[in-house]
Amino acid sequence: MNTVYLTGNGFDINLGLHTRYSDFYDYYLTKPTENKVLVKFKNHLTDEMNSTDKWSDLELSLGEYLQQVSSVDEFDVLIDNILDDLAEYLKSVQQNFKSTQEKNLNNLRGNLLKHLFMPERFMGSRDRAKLQNFYETLSSSTNAFNLINFNYTNSFETILGLEDESNEHWNIQQKVIIRNKDYVLNSMFHVHGSVNTDMVLGVNDSSQIHNEIFQDDADITNQFIKPDCNLVLRHGVELACEKLIEEADVICIFGSSLGVTDEVWWELIANQVREKDIRLVIFEYNPAIRKLNAARGERRRNELIERIFGRNAPESIKDKVYVTFNSNIFSF
């Protein structure tokens, strides 16, 4: 059986890391600059943050801001500055995590693998039973797991004891035996790069760039449209991730907002669920769904299914999708 996880910023937040964009802005805006392009952008960002929460998504809002950028040179100055400062900030966050958790890493590693290998433990009893019944239809003595990491940070590497700073970890081979079956974590990939190399910050397609001239300018799109950027980087990480999804029996999404800037991945998952007998498990933190009104979760479940599969998804699709709210998975 093959299970692939797609993990977003919620994983780091669960660990107590200050990795929200709002945390970064507090750091970024304190850094002085005399560059006119950056002064203009920081003034705009400050005004927007004081009046709206639009910049909760840096990538999408940056796509809108590009209507105020007049040349490729200005864009280069802006994107380089943001990437440099974001990498610098996240390096300090991950170093702080490593130093404060150094004595606890063995416990974290054990808990991470237990959670990773048995997601059904953190689901409601009915969905858990359905998923376990699905497991029984798959004849395999080994359960293989892989990670597609949307984060720039190395929190997974720190917990797993991986010293390599690469964005590609092909042969992790961390194993646990459960009920006489091998559960193995095989690989992990940073699909958007990391603080060390190949950071991809941008949008899903040209429609999210609010500057018509830039929409057809390869010097912009190769840096700011994620699929284009991955192609010109020529590292092939996105191809490895696509293959993992295409070969998966179970796909788990955790800590992701299913944002439109990563639409290409949700479309790929939707196609796999439509075409194959696989299961999609979504873990979402949602404070609006409380223990005393958990029935509200059905409304949100339908919204998430519509988000991925479009309106009027048939019951045959809905039966393959399990949504769990506010579970304790990856809460160590």
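**Notebook: strand β5, two loop asparagines and helices α2, α4 and α5**

I began at the β4–β5 pairing and noted that Ile 177 has Asp 182 as its bridge partner in β5. The model I am reading is a predicted one.

**Entry 1. Strand β5 and its partners**

I looked up how β4 and β5 are joined. Strand β4 (residues 174-178) runs antiparallel to strand β5 (residues 181-190), and five bridges connect them. Besides the pair already noted, I recorded Gln 174, whose bridge partner in β5 is Leu 185. The hairpin formed by β4 and β5 has two residues between the strands, and Arg 179 there takes a positive phi near 50°.

I then asked which sense the pairing of β2 with β5 takes, parallel or antiparallel. Strand β2 (residues 142-149) pairs with β5 in the parallel sense, over eight bridges. In this pairing I found Asn 143 opposite Tyr 183 of β5. Strand β3 (residues 168-169) also pairs with β5, in the antiparallel sense and over two bridges. There Glu 168 stands opposite Phe 189 of β5.

I checked the burial of the strand as well. Seven of the ten residues of β5 are buried, and I therefore entered the strand as mostly covered.

**Entry 2. Two asparagines in the loop from β5 to α9**

I turned to the loop between β5 and α9 (212-215), where Asn 204 is found. Asn 196 has its place in the loop between β5 and α9 as well.

Is Asn 204 buried or exposed? Its relative accessibility is 10%, so Asn 204 counts as buried. The side chain of Asn 204 reaches the backbone nitrogen of Val 264 at 2.9 Å. Neighbours within four places in sequence aside, I listed the contacts of Asn 204 as Ile 225, Pro 227, Val 260, Thr 261, Asp 262, Glu 263 and Val 264.

For Asn 196 I read a relative accessibility of 37%, so this residue counts as partly exposed. With neighbours within four places in sequence again left aside, Asn 196 is in contact with Lys 91 and Glu 165. I also took its C-alpha separation from Leu 162, which is 15 Å in space for 34 residues in sequence.

**Entry 3. Helix α4**

I next examined helix α4 (residues 58-65). Six of its eight residues are buried, so α4 is largely enclosed by the rest of the structure. The buried residues are Leu 58, Glu 59, Ser 61, Leu 62, Gly 63 and Tyr 65. I asked which helices the buried residues of α4 pack against. They pack against α2, α3 (36-51), α5, α10 (218-224) and α11 (226-233).

At the N-terminal end of α4 I found a cap: a side-chain oxygen of Asp 57 lies 3.1 Å from the backbone nitrogen of Glu 59.

**Entry 4. Helices α2 and α5**

Finally I looked up the packing of α2 on α5. Helix α2 (residues 21-28) and helix α5 (residues 72-100) meet at an angle of about 105°, and their axes are 10 Å apart. This angle makes α2 roughly perpendicular to α5, because 65 to 115 degrees is the range for that description. From α2, the contact draws on Asp 23, Phe 24, Tyr 27 and Tyr 28. From α5, it draws on Asn 81, Ile 82, Asp 85, Leu 86, Glu 88 and Tyr 89. I sorted the contact residues by class and entered six nonpolar, one polar and three charged.

Definitions and conventions. Residues are numbered from 1 along each chain as its sequence is written. This is a predicted model: local features need pLDDT of at least 70, side-chain atom pairs count only at pLDDT 80 or more; totals for chains, interfaces and linings use all residues. Side-chain values use heavy atoms; hydrogens and water are left out. Axes are lines fitted to C-alpha atoms, for helices over the stretch in contact, and angles run from 0 to 180 degrees between N-to-C directions. Helices (H or I, at least four residues) and strands (E, at least two) are DSSP runs, numbered from the N terminus. Angles under 35 degrees count as roughly parallel, over 145 as roughly antiparallel, 65 to 115 as roughly perpendicular and the rest as oblique. Contact means heavy atoms within 4.5 Å. Ala, Val, Leu, Ile, Met, Phe, Trp, Tyr, Cys and Pro count as nonpolar, Asp, Glu, Lys and Arg as charged, and the others, Gly among them, as polar. Buried means under 20% relative accessible area, exposed over 50%, partly exposed in between (1.4 Å probe, protein chains only). A polar contact is a pair of N or O atoms within 3.5 Å; within protein, one must be able to donate a hydrogen and the other to accept it, and residues adjacent in sequence count only if both atoms are side-chain atoms. Two strands pair if DSSP finds at least two bridges between them.
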